[in-house]
Amino acid sequence: EYHLHQFMTCLYDDASGNHSPKIGEGIDANETPLYGRWEDFATSHLPDLDACGAHFGVTPDSGGIEIYHHHVQENPPFSYGCYGPNDDGTM
């Protein structure tokens with residue numbers, strides 16, 4: 001496991017005006033991706049995240065397909081709160 005001692009502001013601002021870039025991958029079997037703060041920087045849209053700090057949506061790396069991915073947050077769990085969802089859709 002790892003942890004950071006840095007405020008990742010540079011990863012929150014996306015000059016392209018779109019979804020924040022990918023900054024990491026989880027240690028789960030799916031290597032669930034971690035992205036910066038924004039769902040859409042141009043509109044200041046933050047994603048609605050589940051208890052794990054993730055949601056389903058299109059990312060810059062998903063080829064237009066909605067995937068389950070995490071976002072950096074300013075409050076706990078900050079990055080990965082847990083890995084989900086389970087195959088039955090539960091957390």
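This passage walks through the fold of the protein and then through a few of its residues.

The structure described here is a predicted model. Its protein contains one helix and four strands. Followed along the sequence, these elements appear in the pattern α-β-β-β-β, with the helix ahead of the strands. The chain has 91 residues, of which 35% count as buried. The accessible surface comes to about 5,800 Å², and carbon and sulfur atoms account for 51% of that area. Contacts can also be sorted by how far apart the partners lie in the sequence. Among contacts with a separation of 6 or more, 45% are between residues 24 or more positions apart.

A good place to begin a closer look is the disulfide. The count for this protein is one disulfide, and it joins Cys52 to Cys82 with a sulfur-to-sulfur distance of 1.9 Å. The angle about the S-S bond is -90°, and the link of Cys52 and Cys82 is left-handed. Cys52 sits in the loop between strand 2 and strand 3, while Cys82 belongs to the segment after strand 4, so the link connects distant parts of the chain, 30 residues apart. The two ends of the link can be compared by their exposure. Cys52 has a relative accessibility of 0% and counts as buried, whereas Cys82, at 29%, counts as partly exposed. The cut-off for buried is under 20% relative accessible area, so Cys52 falls below it and Cys82 does not.

Aromatic rings come next. The protein has three aromatic pairs. One of them is formed by Trp38 and Phe41, with ring centres 5.5 Å apart and 75° between the planes, an edge-to-face arrangement. An angle over 60 degrees is what the edge-to-face label requires, which is why the 75° of Trp38 and Phe41 earns that name. Trp38 is buried at 10% relative accessibility, but its partner Phe41 is partly exposed, with a relative accessible area of 29%. Another of the pairs brings together Phe56 and Tyr68, whose ring centres are 5.1 Å apart; their planes meet at 55°, so this pair is tilted. Phe56 lies in strand 3 (residues 54-58) and Tyr68 in strand 4 (residues 66-71), so the pair ties together parts that are 12 residues apart in sequence. Tyr68 counts as buried, at 11% relative accessibility. Returning to Trp38, its ring has a charged neighbour as well: Arg37 lies over the face of Trp38, 4.8 Å from the ring centre.

Which residues does Thr32 touch, leaving aside those up to four places away in sequence? They are Gly24, Glu25, Gly26, Tyr68, His69, His70, Tyr80 and Tyr83. Tyr68 therefore takes part both in these contacts of Thr32 and in the tilted pair with Phe56. Thr32 itself is placed in the loop between strand 1 (22-25) and strand 2. Is Thr32 buried or exposed? Its relative accessible area is 4%, so Thr32 is buried. The side chain of Thr32 also makes a polar contact of 2.5 Å with the side chain of Asp28.

A residue with another setting is Ile65, found in the loop between strand 3 and strand 4. Ile65 counts as exposed, at 53% relative accessibility. The cut-off for exposed is over 50%, so the value for Ile65 lies on the exposed side of it. Apart from residues up to four places away in sequence, Ile65 touches Gly57 and Val58.

The backbone also has some details to point out. The peptide bond from Pro76 to Pro77 is cis, with omega near 15°, and Pro77 is found in the segment after strand 4. Phe78 is in that segment too. Its phi is near 65°, a positive value in a residue other than glycine. Phe78 counts as partly exposed, at 43% relative accessibility. Ser44 likewise has a positive phi, near 55°, without being a glycine. Ser44 is placed in the loop between strand 2 and strand 3, and with a relative accessible area of 52% it is exposed.

Note on methods
Residues are numbered from 1 along each chain as its sequence is written. This is a predicted model: local features need pLDDT of at least 70, side-chain atom pairs count only at pLDDT 80 or more; totals for chains, interfaces and linings use all residues. Side-chain values use heavy atoms; hydrogens and water are left out. Helices (H or I, at least four residues) and strands (E, at least two) are DSSP runs, numbered from the N terminus. Buried means under 20% relative accessible area, exposed over 50%, partly exposed in between (1.4 Å probe, protein chains only). Contact means heavy atoms within 4.5 Å. Accessible areas come from the Shrake-Rupley method with a 1.4 Å probe; for residues, only the protein chains shown count as cover. Rings of Phe, Tyr and Trp (its six-membered ring) pair if their centres lie within 6.5 Å; planes under 30 degrees apart count as stacked, over 60 as edge-to-face and the rest as tilted. A charge sits over a ring if NZ of Lys or CZ of Arg is within 6 Å of the ring centre and within 35 degrees of the ring normal. A disulfide is a pair of cysteine sulfur atoms within 2.5 Å. A polar contact is a pair of N or O atoms within 3.5 Å; within protein, one must be able to donate a hydrogen and the other to accept it, and residues adjacent in sequence count only if both atoms are side-chain atoms.
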